[in-house]
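Hi everyone, thanks for making room for me today. I'd like to walk you through one model, so please have the viewer open.

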Amino acid sequence: MENDRKIAVLIDADNVSDKYIKYILDEVSNHGIPTYKRIYGDWTKPQLGSWKTVLLNYSITPIQQYSYTTGKNSTDAALIIDAMDILYSSNVDAFCIVSSDSDFTRLAARLREAGMYVIGMGEKKTPMPFISACEMFKYLEVLAAISPTSHETNATPRLEKQEKPKEGMASIEELIEAIKIIVTESSDEDGWAFLGEVGKRLNKRYSDFDTRNYGHTKLTPLISSLKQFEIQPRKTSNPNIIHYYIKNKK
C-alpha cells in the first residue's frame, strides 16, 4: 500500500528554512510513514540556531557535519553517504530529499535505479535537473501557501494564486496539450478517459506536477477551469464513491 511506504526523510539545513518543516512532514505523511528523520548541517553556525526548537518538536535527528574547507559542501557529502547506507539497509521503501541544491541530482537518480520511490522537495529556485531526477517533486512555497482560513475542521484551504508557472513547470498551454494527448491515448471508443489515469500519467510526465501549483487542491476543479474538456461523473457500486471521466471538447 502506498500509505504504508517507509520513507527516509533527509533534509539539507543549508538550503531549507525551518519555517517549512511542518509542511514537509505533513506532505510526507500523505505518501507514507517517515521512519528516518535526519537533518544535516554545521550546527556550530549561528544561522542554524532557529532549528533547535523545531528539531525537538518534530523529533528530527540533527547530523553534525563541520565545514572543514571553505567552498566545499561537506553537508551534501554526509547526506549522500547516509542515504546510501540507508538504501543498503533495506529498511525503507522511499526517500524524501529536501533541498534546493542540484548536487543531489545524481543521488536521486541512483536511488531510483535501485527501485526506490524518490520524493524531492525544495523552493522554486531548485534547478530542473534535480526536479527531473525525482519521481515526484513538491515546491515548498506551494505547500506553505495552503493554510486553513480558521481553526474549524471544515475550513476551506487557501491557495496562493500562481499567475505565472515556474520556469520548467508545464505552463497552462503545455498542460492542456499534454492532457489532450493523454485523453486520446487512454480513452474508450466514445472518447472518455478515467480522470484518475490522466492524473497518474501527468505525474509521470512532469515530476513536479501538482494541482496546487495551479491554484487548485484537486484535479477535477483544475480540469474544469481549463474549459477544454468535458467531465462526466459516474456512480459506482459504493454510493460514497464517484468516478470522474474526461473527454476532449470538439
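A quick definition before anything else: helices and strands here are DSSP runs, at least four residues for a helix and at least two for a strand, numbered from the N terminus. And please keep in mind that this is a predicted model.

With those labels, the chain has nine helices and 11 strands. Of its 250 residues, 45% are buried. Looking at contacts with a separation of 6 or more, 59% are between residues 24 or more positions apart.

Let me start with two backbone spots. Lys227 sits in the loop between H9 and strand E10, residues 229-235, and has a positive phi of about 60° without being a glycine. Ser90, in the loop between helix H3 (74-89) and strand E4 (94-98), also has a positive phi of about 60° and is not a glycine either. Why point these out? Because most residues other than glycine have a negative phi. Are they buried or exposed? Exposed is anything over 50% relative accessible area, so Lys227 counts as exposed at 61%, and so does Ser90 at 60%.

Now to the inside. In soluble globular proteins, nonpolar side chains tend to be buried together. Here the largest nonpolar core has 47 residues, and Phe95, Leu111, Ile179, Val198, Leu202 and Ile246 touch the most other members. Take Ile179: leaving out residues up to four places away in sequence, Ile179 touches Val198, Leu202, Ile223, Leu226, Phe229 and Ile246. There is also a second, separate core of 25 residues, with Ala13, Val16, Val28 and Leu55 among them.

Next, the pocket, which I suspect you've been waiting for. The largest one has a volume of about 1000 Å³. Its lining has 31 residues, and those nearest the centre are Met136, Gly199, Lys200, Asn203 and Phe209. Strand E6 (136-139), helix H8 (195-205), helix H9 (219-226) and strand E11 (242-248) each give two or more residues to that lining. Which element gives the largest share? That is H8, with seven residues. By class, the lining has 12 charged, 10 polar and nine nonpolar residues.

One last stop: Arg5, in the segment before strand E1 (6-12). Arg5 counts as buried, because its relative accessibility is 16% and the cut-off is under 20%. Its side chain reaches the backbone oxygen of His31 at 3.5 Å. Beyond its sequence neighbours within four places, Arg5 is in contact with residues including Gly32, Asp93 and Tyr117.

That's my tour, thanks for listening!

Conventions: Residues numbered from 1 in each chain as written. Predicted model: local features only at pLDDT ≥ 70, side-chain atom pairs only at ≥ 80, totals over all residues. Heavy atoms only, no water. Buried < 20%, exposed > 50% of the residue type's maximum accessible area, 1.4 Å probe, protein only. Polar contact = N/O pair within 3.5 Å; in protein donor to acceptor, adjacent residues only side chain to side chain. Contact = heavy atoms within 4.5 Å. 1 Å grid on protein atoms, 1.4 Å probe; cavity = no way out; pocket = protein on both sides within 12 Å on 5 of 7 lines; lining within 4 Å. Points joined across faces, edges and corners; volume = space filled by probe spheres on them. Nonpolar A, V, L, I, M, F, W, Y, C, P; charged D, E, K, R; others polar. Core = buried A, V, L, I, M, F, W, Y, C linked by side-chain atoms within 4.5 Å.
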